[in-house]
Amino acid sequence: MKRWTESKEHPPRRGFTLIELLVVIAIIAILAGILFPVFAAAREKARQATCQSNLKQIGYAAQMYTQNFDETMPYSGTGPTGGDLSTLLDPYIKQKSGRGIWRCPSHAGFPDDGSWTSSYGYNWEYLLVEGPDYPHSDWNGFSNSGVALSFLTRPADTLMFIDNNGPPENPVLWSYVVRPGDRTNPFNQSGMGRPHFRHSGQANVLFCDGHVKTVRPSINLIPNEREHWDPR
């Protein structure tokens, strides 16, 4: 009877060669290079959606405010005891300033101590009461009244809130943003910001009719101020 040799019954195990390992590593590196940006973009999309939801809820609060105060837009929110617009809308939102819906998840550097009130800036220079210096170029003391809803001739085109930020030397402490044409003093009040296009080069905007959409940096160009900032 023919007998199988031990080598045929138990062939020796063969490991990966160095070239095979290098090929596998190269394939993994290529896949990682392709997938990591996709994952990062997906995470940013999720943060952007959360930001839009925040603005939607702020819009609902502003609408409730207008119904309770003779169809006028929110006033400045400031007063002798301090505070700002986020504090003014707190009864409708039940969210403390600087937390919850007032904080954009993509707003890098936003502190946890409540020293900043909002990731979003209110179009205060146009949405506070009209007057001889309209649009406002300075903060007119305390308790500036909001404009009447009837003053908004194009609410679907007029910006109410937008993602905002400030430079390190003048951080955005308050929930107000400066209009594009105010170039005499770009941050004319301490703590007020400029639009911040932190969502893949775009910004989220809440318009006066309550809808929210993502916009390009062109919204902050002076020629577009009349279309998207000025409610008249």
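These questions and answers go through the core and the aromatic pairs of one chain. The model is predicted: local features need pLDDT of at least 70, side-chain atom pairs count only at pLDDT 80 or more, and totals for chains, interfaces and linings use all residues. Residues are numbered from 1 along each chain as its sequence is written, and side-chain values use heavy atoms, with hydrogens and water left out.

Student: Which element gives the most residues to the largest nonpolar core?
Tutor: A nonpolar core is a set of buried Ala, Val, Leu, Ile, Met, Phe, Trp, Tyr and Cys residues joined through side-chain atoms within 4.5 Å, where buried means under 20% relative accessible area, exposed over 50% and partly exposed in between (1.4 Å probe, protein chains only). The largest one here has 42 residues. Elements are DSSP runs numbered from the N terminus: helices (H or I, at least four residues) and strands (E, at least two). With six residues, the top contributor is H2.

Student: Why is the pair of Tyr65 and Tyr92 edge-to-face?
Tutor: Rings of Phe, Tyr and Trp (its six-membered ring) pair if their centres lie within 6.5 Å; planes under 30 degrees apart count as stacked, over 60 as edge-to-face and the rest as tilted. The centres of Tyr65 and Tyr92 are 6.3 Å apart, and the pair is edge-to-face because the planes stand at 80°.

Student: Is Tyr92 buried or partly exposed?
Tutor: Its partner Tyr65 has a relative accessible area of 5% and is buried. Tyr92 has 21%, so Tyr92 is partly exposed.
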